[in-house]
Amino acid sequence: MADILASAEEKMQKAVEAAKREFATLRTGRAHPGLVDRLQVDYYGTPTPLNQLANISTPEPRLLLIQPWDKNAVKDIEKAILKSDLGLTPTSDGQVIRIAIPPLTEERRKDMVKLARKIAEERRVGVRNARREGNDEIKSQEKKGELPEDESKRLLDEMQSLTDKYIEQIDELLERKEKEIMEF
């Protein structure tokens with residue numbers, strides 16, 4: 001019976017982790033490596049994540065610094081950044097790539113908040129789906145007589161408290177991301 005809860009909790013944790021990853025890729029007015037981390041670079045004909053080709057740092061709040069380990073990859077990285085939907089323009093000296101992060105317009109900020117809310121809702125749905133699957137399993141075992149009614153009730157209550165806990169975590173992540181997006 002505890003395995004039903006453990007399985008549901010694992011799915012709920014994955015939903016929270018996915019929300020964290022997706023929020024990290026949302027552009028705010030501030031530079032952070034997560035913006036370009038997962039960018040795919042055509043490296044010798046193979047799509048490779050940027051974070052496997054270079055060191056990505058933020059020496060200043062509005063500047064990303066990308067230092068490729070292979071200097072031949074500089075042009076490919078620049079191309080990938082320009083082709084991405086980030087709307088950023090890289091500058092390069094042949095050794096390192098600098099990306100100045102322009103401040104977001106009010107309209108763009110509002111769009112980003114909408115996108116963050118959409119991501120959060122998708123992840124909440126993931127948590128609720130894990131709850132529903134767990135609840136269905138508990139009720140099914142109760143019907144088969146494998147689980148006493150009071151034990152079933154206790155498990156359903158535990159499942160609900162797990163759900164509340166993980167939805168609260170997603171809400172907190174969303175709240176932090178909204179503040180980060182809206183600050184000037």
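The questions and answers below go through a predicted model of one protein chain.

Colleague: In what order do the elements of the chain run from the N terminus on?
Modeller: The chain has four helices and six strands, and these are the pieces to be placed in order. Read from the N terminus on, with α for a helix and β for a strand, the elements run α-β-β-β-β-α-β-β-α-α.

Colleague: What radius of gyration does the chain have, beside that of a compact globule of 184 residues?
Modeller: Along its principal axes, the C-alpha trace spans about 70 × 40 × 25 Å. A compact globule of 184 residues would have a radius of gyration near 16 Å, whereas the value for this chain is 22 Å.

Colleague: Which element gives the largest share of the largest nonpolar core?
Modeller: This core has 27 residues, and those with the most contacts inside it are Met-12, Phe-23, Leu-26, Val-127 and Met-159. Two or more residues are given to the core by each of α1 (2-25), α3 and α4 (149-182). The largest share, nine residues, is supplied by α4.

Colleague: Which residues is Val-127 in contact with, leaving aside its neighbours within four places in sequence?
Modeller: Val-127 is one of the residues with the most contacts inside the largest nonpolar core. Once its neighbours within four places in sequence are left aside, the residues in contact with Val-127 are Met-12, Ala-15, Thr-163, Tyr-166, Ile-167 and Ile-170.

Colleague: How many residues does the second, separate core have?
Modeller: Among the members of this second core are Leu-50, Leu-53, Ile-56 and Ala-73. The core is separate from the one just described, and its number of residues is 21.

Colleague: Is Arg-109 buried or exposed?
Modeller: Arg-109 is found in helix α3, which covers residues 106-143. A residue is called buried when its relative accessible area is under 20%. Because the relative accessibility of Arg-109 is 1%, this residue counts as buried.

Colleague: What percentage of the contacts between residues at least 6 apart in sequence join residues at least 24 apart?
Modeller: A contact here means that heavy atoms lie within 4.5 Å. Of the contacts in the chain between residues at least 6 apart in sequence, the part that joins residues at least 24 apart is 63%.

Colleague: How far apart are the mean positions of the positive and negative charges of the chain?
Modeller: The chain exposes about 10600 Å², of which carbon and sulfur atoms supply 49%. Turning to the charges, there are 33 positive and 36 negative ones, and the separation between their mean positions is 5 Å.

Conventions: Residues are numbered from 1 along each chain as its sequence is written. This is a predicted model: local features need pLDDT of at least 70, side-chain atom pairs count only at pLDDT 80 or more; totals for chains, interfaces and linings use all residues. Side-chain values use heavy atoms; hydrogens and water are left out. Buried means under 20% relative accessible area, exposed over 50%, partly exposed in between (1.4 Å probe, protein chains only). A nonpolar core is a set of buried Ala, Val, Leu, Ile, Met, Phe, Trp, Tyr and Cys residues joined through side-chain atoms within 4.5 Å. The radius of gyration is taken over C-alpha atoms; the globule rule is 2.2 Å times the number of residues to the power 0.38. Accessible areas come from the Shrake-Rupley method with a 1.4 Å probe; for residues, only the protein chains shown count as cover. Lys and Arg count as positive and Asp and Glu as negative; His and the chain ends are not counted. The place of a charge is taken as NZ of Lys, CZ of Arg, CG of Asp or CD of Glu.
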